[in-house]
Each structure stands twice: as C-alpha cells, then as structure tokens.
Amino acid sequence: MPRPIARVLTLLELLQSGGIRTASELADRLDVDERTVRHYVSHLVDLDVPVEAVRGRYGGYRLSPGHRLPPLMLGDDEALAVLLGLVAGRRAGLTAATGTAGETATAKIRRVLPERLRLRLDAVLASLAFTTTPGETVAPDSGVLLPVADAVNHHRPISLKYTDTHGRSSERTLHPYGLVAHAGKWYVTGADLSADGQDRTLRLDRVTDVRTLPGSFEPPAGLDPAERVLTSLATAPYRHAVTLRVQGTAEHIHTRLPPSVALVEELPAQETTDRTDSPDEPWSRVEMRVDRLDWLPAVLASLDRCFVIERPNELRDLVEAFAARLVHSARAERS
C-alpha cells in the first residue's frame, strides 16, 4: 500500500509551526486515527526529520529544537497561489519592495518546482489576461515599511522625514495607528506630534529615515485606519469644494462616488424638504474636494437620483450644458 505522502507532508507542516502537538490533535487535523499518526511520524524519522515523542499528560510530538528544516515544498495549489499572488500584488501595488524583487522571487520559486508543475504554472501565467489595465503603483521601500509596521504593531512612536506633494521636506514625530494600501499606494495614518497631535495620513513612498523612539502610546478606541485614510483623501485641499444633496442612500451613492472621493451623510427626515416623486427615499449630503469639475455631471447623471447642487455655481452650469447635450443627442434625426 503506497504511503500517503500528502498527509505526511501536512504532518510536517503542523510540526513546523512549533510547540507540542498531541496525537489526538494531529489525528483530527489529518482525519486519521492515532495509530496512523504514529506511522506517519515513523515516515518522517526515516527521512531524517528529527521528530521527538514527549511523554506525560501534556505530551505529544514536536521537532527537535534547533533543527534546520528541509527546503520549501509546495503543493500544486500552494505554488499556484504564491505565483498568482505575486502577479496580482505587482499589478495592485501591494508588492512592498523596490526594483525587481517581485520578478526575482517568482524566478526563485519557479527554479525549485518540479518540471511537471513548473510547465503547468507557466501555461497559466502565459494565458492569463486581466480586464483592467494596471494603474499607477508606488511601492514603499522595505526599509520604511518594516519599521513602520513594527511600530504600529507595538504601539511605539516613530521619527521620520517626509516630503509632501510640493517637494517640501520636514521631520515628523508620529504615533502610527495603521497601514493602509489603497489604489496602488501605501499610507500610514496616525497622530502627528509635530502638529499638536493632529490626525495625519502620509504616503509611505514619501517617507525616509524611519527611527523608532522610546516609549509607547495607546491608540484611540474603535480605530479604523482604512476609514481614516479614505476620509483624509476625500477632504484633501483640492481646487473645488463641492456640496450636494442627493436623494439616495450612502450605499447607492458610493457605487459611483467611492469613499475616497466623497463624504456621504444620510440626512434626518426633517431636513429633507425637497419635493420629488419618491418622498419615502432618504436624502444624503455629499461633500467632495476635487481639482476638476468636468467629470461630475456624467457621474451625477449615472446615479439616476434627484440631486440639488449647493456649491459651486460652476457645477450648475456644467450640469445644464451636459443635460442640453443629452437632449440634443436624443432628438437628433438618424442619418
């Protein structure tokens, strides 16, 4: 009867995670009985993997301390998951490394795969197509990302040098609350002690010279770093401040105006005095900061909801012109 190699390798992975694993625990994880677990342990010992049997009430099996494990071994599904993760990470800007690290990591993994599996995975990667083109991605340097992540995890203040969008450099002392990857860029959000503790969202690709400082801090309760980053992006000081009232829920409005673009607040019933054909549908206030207004009329039309423009007046003119073009196109005779 052939040895169930897949289960033996799974046993090795369980033991690699550290600690003592009882025979009953291993049997449950492998879906076998305890006698079979003992046979699998014998197989590992035959392969010169030093598995120790620990006696006593809390006994079980473990790897000998200090043992260097064999090279990385991946199953078909695991290898595919790793390689596709590298491809998707590069396209989405999630590969937090500069230069060609993603390509070299892919090459190293391919070199240690069996030829059968390597050829099959190459076929997948060669035939894979994406429905969207990769956007602009800016990956942070690992020398920045790793110390910032460590400071976030251990609630430690950091000192860093930052270059803003206008090229101005400054030194900041930050209580980092969280890391957020959004639209091909990495951000750190936290309290800027150099600016009286104000909330700040900083792009990691503009950060250099990160140093961990002594002490620790307590993050605010109920903290949501992703929401803080989206709010910061939506309220950035762009050229135009736009305020609207839209008859629709925040969920519906965000299908066309995502949280990184617009702040949406559903209004109480007593504040929605606009007369429409759908009096029961709620109204929401929408606030945005944008550099250009010319794209907004089409987006507002795509919402298919009543809306009122509070500011700016230029947007009213653009919406009227857009509506006139739609009417003209609808009434134009077919050639």
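User: What makes a residue in the lining of the largest pocket count as nonpolar, polar or charged?

Analyst: The residue type decides the class. In this predicted model, the lining has 7 nonpolar, 6 polar and 9 charged residues.

User: Why is this space called a pocket and not a cavity?

Analyst: A cavity is a space that the probe cannot get out of, whereas a pocket is open. The space here is listed as a pocket, with a volume of about 780 Å³, so it is an open one. Its lining holds 22 residues, and the closest to the centre are Thr165, Thr201, Arg206, Ala236 and Pro237. Arg206 is therefore charged, Ala236 and Pro237 are nonpolar, and Thr165 and Thr201 are polar.

User: Which elements each supply at least two residues of that lining?

Analyst: They are β5 (185-192), β6 (198-203) and α8 (225-234). The largest share, 5 residues, comes from β6.

User: How do you know that β3 and β4 pair?

Analyst: Pairing needs at least two bridges, and 6 join β3 (residues 158-163) to β4 (residues 169-182), so they pair. The two strands run antiparallel. Thr163 stands opposite Ser169 in β4. Their hairpin has 5 residues between the strands, and Gly167 takes a positive phi near 85°.

User: What makes β4 and β5 a pair?

Analyst: Again the cut-off is at least two bridges; β4 and β5 have 8, in the antiparallel sense, so they count as a pair. One of the contacts sets Ala181 against its bridge partner Trp186 in β5. This hairpin has 2 residues between its strands, and Ala183 in the turn has a positive phi of about 50°.

Notes:
Residues are numbered from 1 along each chain as its sequence is written. This is a predicted model: local features need pLDDT of at least 70, side-chain atom pairs count only at pLDDT 80 or more; totals for chains, interfaces and linings use all residues. Side-chain values use heavy atoms; hydrogens and water are left out. On a 1 Å grid over the protein atoms alone, a cavity is a set of points where a 1.4 Å probe fits but cannot get out, and a pocket is an open set with protein on both sides within 12 Å along at least five of seven lines; lining residues have an atom within 4 Å of a point. Grid points are joined across faces, edges and corners, and a volume is the space filled by probe spheres set on the points. Helices (H or I, at least four residues) and strands (E, at least two) are DSSP runs, numbered from the N terminus.
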